[in-house]
2 protein chains.
Amino acid sequence: MARSRLARLRDGLRSKGLDALLVSSLPNIRFLTRFSGSNALLVVRRDRAVFLTDTRYALQSREEVRRLRRIVTQGSLVEAAASHDLLRQCPRVGFEAHHVTFAQYRMLRRLFPRVEFRSTADLVEEVALTKDRDEIAQIERAVKITDRVFSDLLPLLRPGVTEIDISAHITYLHRRYGADRDGFEPIVAGGERGALPHARATTRRFRKGEFVTLDFGCSVGGYHSDLTRTVALGRPSSELRRAYAIVLEAQTGAIAAARAGMAACDLDAVARTSITRAGLGKLFTHSLGHGLGLRLHERPRVSMVNREPLRAGSVITIEPGVYAPGKFGVRIEDVVLLTPAGSRQLSHAPKELIIL
Amino acid sequence: MARSRLARLRDGLRSKGLDALLVSSLPNIRFLTRFSGSNALLVVRRDRAVFLTDTRYALQSREEVRRLRRIVTQGSLVEAAASHDLLRQCPRVGFEAHHVTFAQYRMLRRLFPRVEFRSTADLVEEVALTKDRDEIAQIERAVKITDRVFSDLLPLLRPGVTEIDISAHITYLHRRYGADRDGFEPIVAGGERGALPHARATTRRFRKGEFVTLDFGCSVGGYHSDLTRTVALGRPSSELRRAYAIVLEAQTGAIAAARAGMAACDLDAVARTSITRAGLGKLFTHSLGHGLGLRLHERPRVSMVNREPLRAGSVITIEPGVYAPGKFGVRIEDVVLLTPAGSRQLSHAPKELIIL
């Protein structure tokens, strides 16, 4: 598997006229090698690839990194790459310009004075746009855990309970069910706080009749889940019910319309048009969704301005919302896998309005 | 307060011959402005400082960032700095070379063609070495929460319970008691897993008579706590008790010896000599401690090789350990504030051997 990802990356090197690429971004290294530690460098040449890490990860890298030459060192990884002459016969070498710091770049120049370094962007990210079977299975594991956590939360959601109490339970349950950790800090937002798309959980107590928005996910083997549900604590007002129905229709409509080949902005438009026709377009203040994988937010952005065609094998979120400042918010989010024929929804938590 | 930190930073600018410094590292920006969001840039000139962030943080930055000019923009912060001409009459401008990416550096050069950019390292970090009263109070809040969590854990620690169950409780209790979050993933390591200083919690169940090492901390207002205790589940063997006594003596001896003015390596040596004389020197495989503040690990490193004199106002951990591979581990860690006369221990969880 690692070989086929590397082979796809090498197509990119060839098209850019590069003899080698230095990969230093950890999610990108994990994608190419499965290494999950916190310090590594990967030298991808056209003829071979060499993995470098430090002594703390000697054992772990032996287990995780298969079929590649490994160098384990006590000092700087770039210095080890130089002392092992890993860029021999590589006149043009790419580096990840959005990841390598100025200090690291200066060190590269000093250690490899004869190499012409070229800045690159998104070479590995481009390969990672299309998930393979292993990756989809990992995302499904993460999504399944998060679905299960949602169902466990329902009996806990009642007036008087605080946002932070539910948030702490989410973290606890993710780990209990085998996730490595939360993929991001859980959002638990009751009543008027639901109008803040990125609300941090507070000690505010839930009240009867209000909506609670829960947006949470975990990571498993580095891969993420991301789920949002909005539930009602007791019978909500007709204004709330109407808003919920509008978001639900936009969300299910977008999922039904999603397929590889369509422009990302056209998928955003499906949901946006639906909400706008119902009169709440101004309250849908963010993009429809984002790619999901080893990074919580990755390409493709599913936004009004991204004209990129969606790819078969990309995994994205579909998460329209409406936010009435000072009053309430509704957001519904699922994770879907794009296919040539359409999409397959990976998350399965119920989304008809739940009244607790 | 923000002003006095900025005033101290300006001493550094003057000594480096810089007319301004671009601060882009978020912990450094938080230190100088109290801003806690995820996107900001701070332009520190000798005559004034200007804070930039994006529209997501318009409200939050107004609450957090006092007494500084604020610019809130929709696009790139560096482009906004250019369009507001914030480096006017600043021929020599420093940037944080270990933080700015190559792509960002290239953009700086393009947007400010007449500025001579100079790479800098640790200018803000140098100021942050000495904690002021507010910072010490924040660290004490974090430490107090972690102490309380430790005492709540004791009734839960018994044979049959898993490491991951305790780890999840730590996360839950930190949040319940008002922390923003764990400062790092809690380490809970039973029996032979205690020999791995950075063990991740697993589904392994505790057994009678073994040691459990708990290493955890939270963050409050960005500031960290960091506590390690090793407890026994039932009466431990004489080998375990002896190892515990050796580590405890080394740890309390180092705390008693710590004072501003001594070299960091000399403090490391106090604990190391104590453990070596007791015959376990080879099992103490890491440094004695590290600075703690807005970063979990910051200067000063308290290691065998760091000859820097310790400063009054620095907050450090003192955490000797012994690790018997395949058998057991012991580590005891407290947080102390260095003073000219000695040190003040901030954490107060009991550390006489607890037998549960």
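1. Let us start where the two copies meet. In this predicted model, 100% of the interface residues of chain B are also interface residues in chain A, so the copies meet through the same surface. The contact takes 18 residues of chain B and 18 residues of chain A. On the side of chain B that touches chain A, the elements giving two or more residues are α5 (102-111) and α8 (163-176) of chain B. The most comes from α8(B), with seven residues. By type, this side of chain B divides into eight nonpolar, six polar and four charged residues.

2. How are the two chains related in space? Chain B is superposed on chain A by a rotation of 180° with 0.1 Å of shift along its axis, and the RMSD is 0.0 Å. That is the relation of a two-fold axis. If you would like to place this axis on the screen, look for B:Thr101: in chain B, its C-alpha is the one nearest the axis, at 2.0 Å.

3. Now for the domains of one chain. The domain assignment splits chain A into domain 1 (2-127) and domain 2 (133-345). Their centres, taken over C-alpha atoms, are separated by 35 Å. Five residues from domain 1 of chain A and five residues from domain 2 of chain A take part in the contact. On the domain 1 side, helix α2 (residues 26-33) of chain A provides the largest share, three residues. The residues of that side of domain 1 of chain A are two nonpolar, one polar and two charged.

4. Chain A also offers a neat piece of local architecture. Strand β5 (residues 92-96) and strand β6 (residues 116-120) of chain A run parallel and are joined by five bridges. One pair to look for is A:Glu96, which stands opposite A:Thr120 in β6(A). Together with helix α5 (residues 102-111) of chain A, β5(A) and β6(A) make a right-handed β-α-β unit.

5. A strand of chain B deserves a look too. Which way do the residues of β8(B) point? From strand β8 (residues 187-190) of chain B, B:Ile187 and B:Ala189 point one way, B:Val188 and B:Gly190 point the other way, and all are buried. In a regular strand the side chains alternate between the two faces of the sheet. The partner of β8(B) is strand β9 (residues 211-216) of chain B, paired in the antiparallel sense over four bridges. Within this pairing, B:Gly190 has B:Val212 in β9(B) as its bridge partner.

6. Follow the loop between β8 and β9 of chain B and you reach B:Thr202. Is B:Thr202 buried or exposed? It counts as partly exposed because it has 14 C-beta neighbours inside 10 Å, and the partly exposed class lies between 12 or fewer for exposed and 20 or more for buried. Leaving aside neighbours within four places in sequence, B:Thr202 is in contact with B:Glu163 and B:Ile164. B:Thr202 and B:Ser167 are 35 residues apart in sequence, with their C-alpha atoms 9.2 Å apart in space.

7. One last loop residue is B:Gly261, found between α9 (238-257) and α10 (264-277) of chain B. B:Gly261 counts as exposed, because it has 10 C-beta neighbours inside 10 Å. Apart from neighbours within four places in sequence, its contacts are with B:Pro309 and B:Leu310. Between the C-alpha atoms of B:Gly261 and B:Gly313 the separation is 11 Å, and these two residues are 52 residues apart along the chain.

Conventions
Residues numbered from 1 in each chain as written. Chains lettered and ligands numbered in written order. Predicted model: local features only at pLDDT ≥ 70, side-chain atom pairs only at ≥ 80, totals over all residues. Domains from an automatic or database assignment. Contact = placed C-beta atoms within 7 Å. Nonpolar A, V, L, I, M, F, W, Y, C, P; charged D, E, K, R; others polar. Pairing = 2+ DSSP bridges. Right-handed = clockwise from strand over helix to strand, strands pointing away. Least-squares fit on C-alpha atoms with pLDDT ≥ 70 in both.
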